[in-house]
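User: I am new to this protein and would like a close look at one part of it. Please take a single buried spot and then show me how the rest of the chain sits around that view.

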Amino acid sequence: MSSIELKAVEKWFGNLQVIKGVNLSIEEGEFIIFVGPSGCGKSTLLRMIAGLEDTSRGEINIGGIDMTAEPPSRRGLAMVFQSYALYPHMTVRDNMGFSLKAAGAPKSEITKKVNSAAEVLKLEALLERRPKDLSGGQRQRVAIGRSIVREPTAFLFDEPLSNLDAALRVEMRLEIAKLHQNLDTTMIYVTHDQVEAMTLADRIVVLQGGIIEQVGSPRELYERPGNLFVAQFIGSPKMNVMPVKVSGGEFKLPGHDGSGPAPSSGDSTTQIGIRPEHIRIMDEYQGHCTGTVEVSEYLGADVMLFVDCENLGLLTVRHIGDTSVQVGQRIGLHFDEHQTHFFDAAGMALRD
């Protein structure tokens, strides 16, 4: 188990810079997740840590030792890819033990480590099967087991669940969470799935355009986003954002009667953000604004309403449970004033 530290790390492909001076400290045993839109550099950064991509500038320390120029085999890390990459002609047992066999480990040691990993991953009954006889989730567990037997100092996961269907993703997400608890090993995980990030991570690293926008626990990023990008990236459906006028520590929605407390540093360029789950449905002309229901989506546990609030735009409202509100109906919307977020013209969070 090792800490990992990135110091002003950069990656250039010719004249194109894709990682722009990233600094990040990962503690021993932490579960860190990289998230961000496609092309933000999250997989490239993971591959740089693994040694699969060269580091153009900066330093990568693993366990306090500079590993920037070291090959992957010297870094003591294990990587689990999106593709299972199992040998089809080998049994599960042979697939899991192959790296140890290639390294010349004694047969008794290989058997012991494979059996131990199989027990952790509930694969004991599958050890003599071949990959074609396994489900997608079982194949991914074998791929993880192949990494476990190496006893790495840290695990690196590159979107390992994206090839699985929804039900299997839920199952494997629980397996990976339990694996981290049992092994207590540093894990770095790349995903585009917010649910994976919010449920698995000790801390989430939000990337955009090769830079880190914010690092924090899932709760911190959800409740106190540092800027507009993080506020709208974390949370599903994304946060509603609209312009407001701020004066004397109070906001006013243009074209509507609603007002409420705001940071004293706000001005006419300020934007207000409110998550769909923090808006309450009211009678028309009550609450902070009024709009017309354009679309209603019944999701069982809740209902998603898309409400046209004229100059404020289309707002998304999550109503827990069923509702009698109909498409075309005029309703009022009340914002939970303890859950409002404010951003300046540059998109940075405003707080008193």
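Analyst: Here is a close look at one residue, followed by a helix, some backbone features and the whole chain. Keep in mind that this is a predicted model.

Start at Met 172. It lies in helix H5, which covers residues 166-183. Is Met 172 buried or exposed? Its relative accessibility is 0%, so Met 172 counts as buried; the cut-off for buried is under 20%.

What does Met 172 touch, leaving aside residues up to four places away in sequence? The list is Gly 137, Gln 140, Arg 141, Ile 144, Leu 161 and Leu 164. Take Gly 137 from that list. Gly 137 and Met 172 are 35 residues apart along the chain, yet their C-alpha atoms are separated by 6.6 Å. Helix H4 spans 136-148.

Now move to helix H1, residues 42-50. Of its 9 residues, 7 are buried, so H1 is largely enclosed by the rest of the structure. The buried ones are Lys 42, Thr 44, Leu 45, Leu 46, Met 48, Ile 49 and Ala 50. After H1 comes Gly 51, with a positive phi near 90°.

Next, the backbone. Most residues other than glycine have a negative phi, and most peptide bonds are trans. Two residues and one bond are worth finding against that background.

Lys 122 is not a glycine, but its phi is positive, about 55°. Look for Lys 122 in the loop between helix H3 (107-120) and helix H4 (136-148). Lys 122 counts as exposed because its relative accessibility is 54%, and exposed means over 50%.

Tyr 285 also has a positive phi, near 70°. Its loop runs between strand E16 (279-282) and strand E17 (289-298). With a relative accessible area of 66%, Tyr 285 is exposed.

The bond is the one between Ser 236 and Pro 237. It is a cis peptide bond, with omega about 0°. Pro 237 sits in the loop between helix H8 (228-233) and strand E11 (240-243).

Finally, step back to the whole chain. It has 8 helices and 22 strands. Its C-alpha atoms fill a box of roughly 75 × 45 × 35 Å along the principal axes. Of the 352 residues, 48% are buried. Among contacts with a separation of 6 or more, 66% join residues 24 or more positions apart. The Met 172 and Gly 137 contact spans 35 residues.

The chain exposes about 16,500 Å², and carbon and sulfur atoms supply 48% of that area. There are 35 positive and 45 negative charges, and their mean positions are 9 Å apart.

How values were computed. Residues numbered from 1 in each chain as written. Predicted model: local features only at pLDDT ≥ 70, side-chain atom pairs only at ≥ 80, totals over all residues. Heavy atoms only, no water. Helix = DSSP H or I, 4+ residues; strand = E, 2+ residues; numbered from the N terminus. Buried < 20%, exposed > 50% of the residue type's maximum accessible area, 1.4 Å probe, protein only. Contact = heavy atoms within 4.5 Å. Areas by Shrake-Rupley, 256 points an atom, 1.4 Å probe, with all protein chains shown as cover. Lys, Arg positive; Asp, Glu negative; His and termini not counted. Charge placed at Lys NZ, Arg CZ, Asp CG, Glu CD.
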